[in-house]
Structure formats: structure tokens, C-alpha cells
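Student: I would like a close look at one part of this model, namely its helix and what surrounds that helix. Please take me through the details in a connected way.

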Amino acid sequence: MDNVNQSGNIATIIGIADATHYLVGLTDAGNNFIGLNGAGSGECVNSIVEAKALLKSHDYSVAHLEYQTAYDEMCGLDNTGNYQQVINL
């Protein structure tokens, strides 16, 4: 599987600037971040290496990586200016 499952959800890793963890989950068609099982919230891991391994264990080979800043979230700004990249796992 690449980075899209049968439901059209995209494997996603979110990093928050200055945080020591990453969120791993799926992005649905409505741009909502959801858990790997398609419901709930994503999983929290301590490194990008752990995030990649978790997605690999769910048969993904590519993921959407996004870095956000805490400032943007606090101010309610949209995430269109965030750093985004597709990475191989």
C-alpha cells in the first residue's frame, strides 16, 4: 500500500514545532486527522523513526509529513502555510 487506504484516507505524520513527539494517523477526505483504525484520534510517538515504523506496521510505504507551529494553532490560523512533504517510509 502507498499512503492511501481503501477508504481514501492518507497516512499522515504531524510534528509540532518544539514538541518532543509526533502524531501518527490518517487524514480523511474532509482534511480531518483520525486514528489509524479510521476512528478516534491519532497515536503519539516519541520520534520520526517510531512514526515511520508504526505506519510500516500498518502496511504503508509512503506518508504525508506536516510540521505545524503551536503559535498558528493558538491563534486559529489555518494550516495552509505549514511545511508539508511526502516521505518514503
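Tutor: What follows starts at the helix and then moves outward to the strands and loops.

Since this is a predicted model, everything said here describes computed coordinates. Helix H1 spans residues 48-57, and within H1 the residues Ala51, Leu54 and Leu55 are buried. Viewed down the axis of H1, these buried residues fall within an arc of 95 degrees, so they line one face of the helix. An α-helix has 3.6 residues a turn, so residues three or four places apart point the same way. On the face of H1 that is turned away from the buried side, one finds the exposed residues Val49 and Ser57.

What does the buried side of H1 pack against? Its buried residues pack against E1, E2, strand E4 (43-45) and E5. Leucine 55 shows this in detail, for, leaving out residues up to four places away in sequence, leucine 55 touches Ala11, Ile13, Val24, Gly25, Leu36, Tyr60, Ala63 and Leu89. Leu55 is also listed with Ile13, Val24 and Ala63 as the residues that have the most contacts inside the largest nonpolar core, a set of 16 residues. The elements giving two or more residues to this core are strand E1 (10-16), E2, H1 and strand E5 (62-68). In soluble globular proteins, nonpolar side chains tend to be buried together.

After H1 comes aspartate 59, whose phi is positive, at about 70 degrees, although aspartate 59 is not a glycine. Aspartate 59 belongs to the loop between H1 and E5, and aspartate 59 counts as exposed because its relative accessible area is 56%, where the cut-off for exposed is over 50%.

Strands E2 and E5 are also linked by an aromatic pair, with tyrosine 22 in strand E2 and tyrosine 67 in strand E5, 45 residues apart along the chain. The count of aromatic pairs comes to 1, and this pair of tyrosine 22 and tyrosine 67 is edge-to-face, at 6.2 Å centre to centre and with 70 degrees between the planes. Tyrosine 22 is buried, with a relative accessible area of 17%, whereas tyrosine 67, at 31% relative accessibility, counts as partly exposed.

Strand E2, which covers residues 22-27, also holds threonine 27, a buried residue with a relative accessible area of 14%. The side chain of threonine 27 is joined to that of threonine 12 by a polar contact of 2.6 Å. Not counting residues up to four places away in sequence, threonine 27 touches Thr12 together with Gly8, Asn9, Ile10, Asn32 and Phe33.

Beyond E2, the loop between E2 and strand E3 (33-34) contains asparagine 31, which is not a glycine and yet has a positive phi of about 65 degrees. Asparagine 31 counts as exposed, with 53% relative accessibility.

The loop between E3 and E4 contains serine 41, which is exposed at 59% relative accessibility. With neighbours within four places in sequence left aside, serine 41 is in contact with Ile34 and Gly35. The C-alpha atoms of serine 41 and glycine 25 are separated by 7.4 Å, the two residues being 16 residues apart along the chain.

Definitions and conventions: Residues numbered from 1 in each chain as written. Predicted model: local features only at pLDDT ≥ 70, side-chain atom pairs only at ≥ 80, totals over all residues. Heavy atoms only, no water. Helix = DSSP H or I, 4+ residues; strand = E, 2+ residues; numbered from the N terminus. Buried < 20%, exposed > 50% of the residue type's maximum accessible area, 1.4 Å probe, protein only. Polar contact = N/O pair within 3.5 Å; in protein donor to acceptor, adjacent residues only side chain to side chain. Contact = heavy atoms within 4.5 Å. Core = buried A, V, L, I, M, F, W, Y, C linked by side-chain atoms within 4.5 Å. Phe/Tyr/Trp six-rings, centres within 6.5 Å; stacked < 30°, edge-to-face > 60°. Arc of directions from axis to C-beta.
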